[in-house]
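Me: Could you take a close look at the salt bridges in this model for me? I'd like to know which side chains pair up and how open to solvent each partner is.

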Amino acid sequence: MPASSRLEDHLAVGEALLQRDPEFDNGDLQASPEWAEFTQNTANLGLTDSLRQTYLALIASQRITPITTRSALLECAAPAEAALTPQALDAAIADHLSTSLQKDLLRSAADELEALGSSPRDPEIAEAIDAGLSIDLLERALSHPEGIRGAVHALHQKLSAADTSSIPHLGLDAATPLPTDDLMRFLRTGEELHLSGNIAEYSSDDTVVAIDLSACVAAQGLDTDTLSQCLSALAALKSALKLTSLGVVIAGLGDTLFKLGTPFDDLADHPIISDLKSSLMSCSEDLDISFELLSMDAQLHLGCLTSGTDPVSLDVEDLLQQAGALDLVRDSLSRNAPTALPTFEAALSSTWSLESTPGVDRKRLQSRGFSPETISQIETRLSEGYSLTQASSRWMVGDDTIQNELNLPLAAFEDEDAALLRLVGFSRKDIEQAEIALSDAGSVKLTPILSEAGLSLSLPPTTSLNLARTINLALPDCAIGATCELPAPQSADDLAALLDGLAETPITLHLSCENTQQRETTSNRINHILQLVEDAREAEQTYDPAEIEPDELAAEPALHGRARRYRMPDRRKGYIQKATVGGHKVYLHTGEFDDGELGEIFIDMHKEGAAFRSLMNNFAIAISIGLQYGVPLEEFVEAFVYTRFDPAGEVTGNDSIKRATSILDYIFRELAVSYLGREDLAELSEGQSHDGLGRGLKDDVFQFPAEAAQIVSKGFSRGQLPDNIVILDKRRKDASDDELQENYLGDPCPSCGHFTLVSDGDDIKCEACGQVSAEKT
């Protein structure tokens, strides 16, 4: 393979390594498949074993990134698109709007076609057109060589290619007046902008690599020896790969200054600048040094919080949640204020403690049944960024704890707004008070400690640009990236002063403006419009239930407006079926409407893992909601019977089903047999019922007497009326209807024993068994 092709392949696998998702390998770079492919690829580059091992070791230790292209490594990889003019700003606004709308339209079209399925029937297409599907879109999709499926695939490809995240990049010209008014108008839209000064020409395909400067920090300051070793290795790589140029981007400058406790606002005469300058200038002839802004993938790979000349600027909430931020603070405290570190750790551990939280504290939780272990589990979830309500939810605490520790039935969570803390007796005021206290705990406890130690987490918005100007004075030929988010509002004079002289420097400024007020105004207006739409829909769909026949409403609820949910009765029938599928115990609980039809299910698998158990619980809730909105049980049965996944195999404990291909196959075959009379899904002999008795003549339609549904679970009896229940020919009349009310005699029937004897002329007739006897005189 030619050397150029090998290099292209290496740049591609390097980009894939940067874009890997750390969650798939638990943050272990060397355990990822991308790392295996990358190490294999480096063997084809023709490097010496020593240089190859050094290159891999620097990447594995996260001191450098793989060699890749500017477009993969940098936030602003391409040259300026145009000069900063009013026309260019207007074009940038229009381009962003049109690209965003294009992406929204592509997504909408793909969703509409995907909803049809790959091979829809003509009646289904007609319904979709009636619901608003564009005929032009449909015609183009049907004309695609691969039909609707091919059209959906093409739309998704175009959707992934449409890039709405790119930030406009405009160049500053010292000879052109700065359009401050137009720039302010642009920033008020909430958009961001890259502004660059006098930067050397480059291409987005140029080869670059990044170094984490914070990985080159010694006990007393910057470790220039380690930095020089990294730069020498990169110069050797450039020579071995025969690259015409290799850009080296210095990242983590803000992390380095934060670790060393160096103030960001006075660096002109600081020794770290001279040390940095001497190390970088020693290899400036071989490598193109810069301080440009990295992409998020590259920054995540290095594990540093900053790139370019951005300072470490975090509020306490970010500090508690952002990966690596706490380690950076601990490192800085241990170097610059070691006596404050124990105090910081103690305050940090108490930030998520419920020991004295107002409203919901440990003592009150224990009095309501929570064990110390469960409370500690909730505190752990709080430390991971969850709110108190989320950390104490059913899905975090687990059904075993709810049933065995708190003695709460799972049925208590049927309400849509059911919260565990509310169910155990905490008021909304208590919970809200605790949530506020926990959210403010970090600022209240940690900010004073960090401030006293000299660590300022909040800096002026111009700090990054000021530091960039300082670096530019020391290294005038280095391209530099800086970020500035201006507080709103800004005057034209303030903006002109900020950008003064930037055109003559190799600085690229990522400029934005806080737009909180405008966003809140827009959001409130959108919410108001959506509320008006909702009110209009409800007004159109208002109907009088008295005008609709009950049978018609139950059969076709969708014909009468938006689907309506039929709530379960407070006291309801059902049954519990215990069985074992493939060695795994399954408890199926059912609940029925008053007419005996299935309305809810619960699935308990107590010995399974928490994830699988929670998944099955949520699945049962979804099925129950569907049943209550009128989805026929037959649809669920057809969708889930004979699905195949473990656990599967032999079924014990169920007299109708002996083997199942999955848990869902077993559950929906059981429901089909019990509620739909689907004996074809049971493993019984012809005409045999669940109790082993014959059913006599087989009816074409599965029926269950409506009167029996009032007292017997249809599912438990599997549609069969027990022998000890008799349904009379005549229904019970209202007490007010005296002329139609039956007058039973007080004696039992001598034949069947029921108290259903009535006078029939000169004879006595039993309404239950039909026995006729002469009336006693």
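Reply: Happy to! One cut-off helps before we start: a residue is called exposed when its relative accessible area is over 50%, buried when it is under 20%, and partly exposed in between. Please keep in mind that this is a predicted model. Across the whole structure, a search finds 18 salt bridges, and a few of them make a nice tour.

Let's begin within a helix. D327 and R330 form a salt bridge through their side chains, at 3.5 Å from N to O. Both residues belong to helix α15 (residues 325-336), where they sit three residues apart, about one turn of the helix. D327 has a relative accessible area of 52%, so this residue counts as exposed. R330, at 26%, is partly exposed.

Next comes the pair E355 and R362, whose side chains meet at 3.9 Å, N to O. Here E355 is exposed, with 54% relative accessibility, while R362 is buried at 16%.

The salt bridge between E600 and R572 has an N to O distance of 2.7 Å. E600 is part of strand β12 (residues 598-604), and R572 lies in the loop between α27 (550-555) and β10 (576-581), so this pair ties together parts that are 28 residues apart in sequence. E600 is buried, at 5% relative accessibility, whereas R572 is partly exposed at 27%.

Finally, there is a network to look at: D90, D182 and R185 are joined into one by salt bridges that share partners.

Methods
Residues are numbered from 1 along each chain as its sequence is written. This is a predicted model: local features need pLDDT of at least 70, side-chain atom pairs count only at pLDDT 80 or more; totals for chains, interfaces and linings use all residues. Side-chain values use heavy atoms; hydrogens and water are left out. A salt bridge is a side-chain nitrogen of Lys or Arg within 4 Å of a carboxyl oxygen of Asp or Glu. Helices (H or I, at least four residues) and strands (E, at least two) are DSSP runs, numbered from the N terminus. Buried means under 20% relative accessible area, exposed over 50%, partly exposed in between (1.4 Å probe, protein chains only).
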